[in-house]
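Student: Could you walk me through this model, and show how each label is earned?

Tutor: Gladly; let us look at it together.

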Amino acid sequence: MRATPDRLIDISVCTRPFRMQGPRIESEHCFGKTVVHHYGHGGSGWSLSWGSARVAMGLVLAHRPRRIAVIGAGAIGLTTARVAQRAGLRVRIYCKDRPPEVRSSAATGLWTPDSRLCASAAMPPGFESAWEAMARSSFKTYQSLLGIEGAPVEWRDGYALSDIPFEQPLPDDPDEPAYPDLTARLTDIHPRSKTLRPGEHPFRASHVRRFTQMTFNIASYQRLLMDDFEREGGEFETREFRHPREFGGLRESVIVNCTGYGARELLGDESIIPVRGQTARLIPQPEVDYMLSYRGHNLIVVPRRDGLLVATQEPHDFNNPDARIDRAVSEAAVERLAQLFA
Ligand SMILES: Cc1cc2nc3c(=O)[nH]c(=O)nc-3n(C[C@H](O)[C@H](O)[C@H](O)COP(=O)(O)OP(=O)(O)OC[C@H]3O[C@@H](n4cnc5c(N)ncnc54)[C@H](O)[C@@H]3O)c2cc1C
């Protein structure tokens, strides 16, 4: 990996729309419309999107609409719109921003279906099995997106490096709640990691594991979703909603609200907690075909087609709405990466 700060070509900050009790997927009648709320997927929005959209679609189809409005064109809005089209509905997406300007564009691009999705202490009854159904449904759809032009989805090998044994836990971040480990329910579809002995890998780290992970090339994946949506007659309308009463003026009678973090302001929903994260890209290196994570050193690298993505997570990012870029943080992460190859 050619890791020098002068090769940084882009840095983004995004706030995960986290809710202690997990995503909101429920329907209500307001301002003369049926509104299906579908937001709050924390750090798992891309991963869970297809399965979550199918749950939301169950609420939509109960009203037998022929056309619907979807508000939002992030990971959740685009997949909800595609699932609705596949169910035979006509769909118009209303959104303030569309890719690449949406927050979803700043995600790392990993299959992480239980990442900062809900807090263990606030998990509603039945959540685990509902989550499992969503995760399996999403996973199945993602396997159908492999091997197609633009490589929207790819499986990659990766190496986790650690200074201490993997069994030894890292100190908890006092700001963050405890999260449930739900992926334990998916062992049959999750390749196992393997501990490597010195000599079996080229890294200087004391402890190394090899793992295999599904990854998303978000730029080409978003483009695929938008192209498929328009090819099947979907329409985009650029529009910002400042109050939910504006839903009443839409021509569609069923509306799916996929505004993500935007729902906090639009609905005054303070159950949405911002969890800040920063991603940076180094100039693409197509010859690099493996991921790297350095445990306890705030470093994850994903070899995406649009660049070597360097993700960082700082202390105090939980409940932090600050969307300003901190270049020094990404530069320091690139320096840590360089040290691994020194
Ligand atoms: C640093 C970081 C890394 C991440 N990595 C991963 C990962 O590797 N894997 C994974 O699965 N997830 C990851 N996530 C989580 C994932 O990105 C989110 O869960 C997901 O982007 C949420 O998508 P969304 O469609 O709900 O929201 P958004 O992408 O924010 O989309 C919301 C849409 O609604 C529109 N909108 C909002 N308010 C209004 C309004 N008032 N009027 C009109 N339109 C409005 C916006 O314009 C936009 O089109 C990561 C998140 C972060 C921050």
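Tutor: Let us start with Thr215, which is found in strand E8 (residues 207–216); helices (H or I, at least four residues) and strands (E, at least two) are DSSP runs, numbered from the N terminus. This is a predicted model, where local features need pLDDT of at least 70, side-chain atom pairs count only at pLDDT 80 or more, and totals for chains, interfaces and linings use all residues. Residues are numbered from 1 along each chain as its sequence is written, and side-chain values use heavy atoms, with hydrogens and water left out.

Student: Why does Thr215 count as buried?

Tutor: Buried means under 20% relative accessible area, exposed over 50%, and partly exposed in between (1.4 Å probe, protein chains only). Thr215 has 3% relative accessibility, so it counts as buried.

Student: Which residues does Thr215 touch, not counting residues up to four places away in sequence?

Tutor: With contact meaning heavy atoms within 4.5 Å, Thr215 touches Gly109, Leu110, Pro152, Val153, Glu154, Arg156, Met291 and Val302.

Student: What makes helix H2 mostly covered?

Tutor: In H2, 11 of the 12 residues are buried; among them are Ile76, Leu78, Arg82 and Gln85.

Student: How do you know what span is expected for H2 (residues 75–86)?

Tutor: The expected span of a helix is 1.5 Å times one less than its number of residues. For the 12 residues of H2 that gives 16 Å, and the helix reaches 17 Å from its first C-alpha to its last, close to the expected value. Just after H2, Gly88 takes a positive phi of about 95°.

Student: Why is the protein chain called as compact as a globular protein of its length?

Tutor: The radius of gyration is taken over C-alpha atoms, and the globule rule is 2.2 Å times the number of residues to the power 0.38. The rule gives 20 Å for 342 residues and the chain's radius of gyration is 20 Å, so the chain is as compact as a globular protein of that length. The chain has six helices and 14 strands, and buried residues make up 54% of its 342 residues.

Student: How far apart in sequence are the residues that contacts join?

Tutor: Among contacts between residues at least 6 apart in sequence, 80% join residues at least 24 apart.
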